[in-house]
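User: I am in my first year and would like a close look at one part of this protein, the nonpolar core, together with how the rest of the chain is arranged around that topic. Please take me through it slowly and in connected sentences.

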Amino acid sequence: MRRDEYNLKTHNGKIPIANPATGGHRTFKITTVNNKDSDFHGKRIVSMFTGTDNTDPRQYTGFGFVGGDGIIKVWAKKAAADKNWQKFAQMVMWPQDFPTLEYMFAGHCRICNIELTNPESIKSGIGPKCAKGQRD
């Protein structure tokens with residue numbers, strides 16, 4: 001992905017960020033709360049995937065709000081518990097400050113159309129089950 005294609009001021013979506021040096025990756029998600037009964041209705045939340053099933057929204061851990069200026073304000077409770085949440089916010093806000101990381105958009109498998117967030121699957125355009133011929 002070109003780093004200027006994604007604008008936190010305006011876009012929602014999933015952003016996998018890979019570290020080629022370690023082979024690791026993290027997936028971040030920006031969403032707008034669309035529940036009129038919620039105190040957070042209309043607010044944009046940034047979360048990070050912390051589970052094993054990336055199709056389950058409950059396996060994303062919210063850690064801050066995205067302001068209209070594209071700045072992420074990490075929730076005080078998260079920031080107090082672990083300084084890494086601020087670092088994650090910086091990674092999402094300022095990719096130019098992390099030139100060794102690879103930023104991507106989530107995609108979809110060209111065979112079965114399942115959402116892809118793993119960097120290798122995004123690059124190949126095929127999910128792991130389809131790559132192994134194990135589609136359901």
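**A close look at the core**

Analyst: In this predicted model, the largest nonpolar core has 20 residues, and those that touch the most other members are Ile 17, Phe 28, Phe 63, Ile 72, Met 91 and Val 92. Several elements each supply at least two residues of this core, namely strand S1 (13-19), strand S2 (24-32), strand S3 (44-49), strand S4 (60-66), strand S5 (72-74) and helix H2 (84-93). Among these contributors, H2 gives the most, with six residues.

Met 91 is a good residue to follow by eye. Leaving out residues up to four places away in sequence, Met 91 touches Ile 17 and Phe 28, which are themselves among the core residues that touch the most other members. The other residues that Met 91 touches, under that same exclusion, are Phe 98, Leu 101 and Tyr 103.

It helps to set the core within the whole chain. The protein chain has four helices and eight strands, and reading along the sequence gives the pattern β-β-β-β-β-α-α-β-β-β-α-α. Of its 136 residues, 36% count as buried. If we consider contacts with a separation of 6 or more, 35% of them are between residues 24 or more positions apart. The C-alpha trace spans about 45 × 40 × 30 Å along the principal axes, and the radius of gyration is 15 Å, which agrees with the value near 14 Å that a compact globule of 136 residues would have. On the outside, the chain exposes about 8500 Å², and carbon and sulfur atoms supply 50% of that area. As for charge, the chain has 20 positive and 13 negative charges, and the mean positions of the two groups are 2 Å apart.

Next, consider some individual residues, beginning with Thr 27, which lies in strand S2. Thr 27 counts as buried because its relative accessibility is 4%, and the cut-off for buried is under 20%. Apart from neighbours within four places in sequence, Thr 27 is in contact with Lys 14, Ile 15, Pro 16, Ser 47, Met 48, Phe 49, Tyr 60 and Thr 117.

Thr 50, by contrast, is found in the loop between S3 and S4, and Thr 50 counts as partly exposed because its relative accessibility is 47%, a value in between the cut-offs of 20% and 50%. Not counting residues up to four places away in sequence, Thr 50 touches Gln 59, Tyr 60 and Thr 61. From C-alpha to C-alpha, Thr 50 and Lys 129 are 21 Å apart in space, with their positions 79 residues apart in sequence.

Finally, the loop between S7 and S8 holds both Cys 109 and Asn 113. Cys 109 counts as buried, at 3% relative accessibility, whereas Asn 113 is exposed, with a relative accessible area of 54%. With neighbours within four places in sequence left aside, Cys 109 is in contact with Ile 114, Leu 116, Gly 125, Ile 126, Gly 127 and Cys 130. The C-alpha atoms of Cys 109 and Ala 131 are separated by 9.8 Å, and these two residues are 22 residues apart along the chain. Asn 113 has a phi near 70°, which is a positive value in a residue other than glycine.

Methods: Residues numbered from 1 in each chain as written. Predicted model: local features only at pLDDT ≥ 70, side-chain atom pairs only at ≥ 80, totals over all residues. Heavy atoms only, no water. Buried < 20%, exposed > 50% of the residue type's maximum accessible area, 1.4 Å probe, protein only. Core = buried A, V, L, I, M, F, W, Y, C linked by side-chain atoms within 4.5 Å. Contact = heavy atoms within 4.5 Å. Rg over C-alpha atoms; globule rule 2.2 N^0.38 Å. Areas by Shrake-Rupley, 256 points an atom, 1.4 Å probe, with all protein chains shown as cover. Lys, Arg positive; Asp, Glu negative; His and termini not counted. Charge placed at Lys NZ, Arg CZ, Asp CG, Glu CD.
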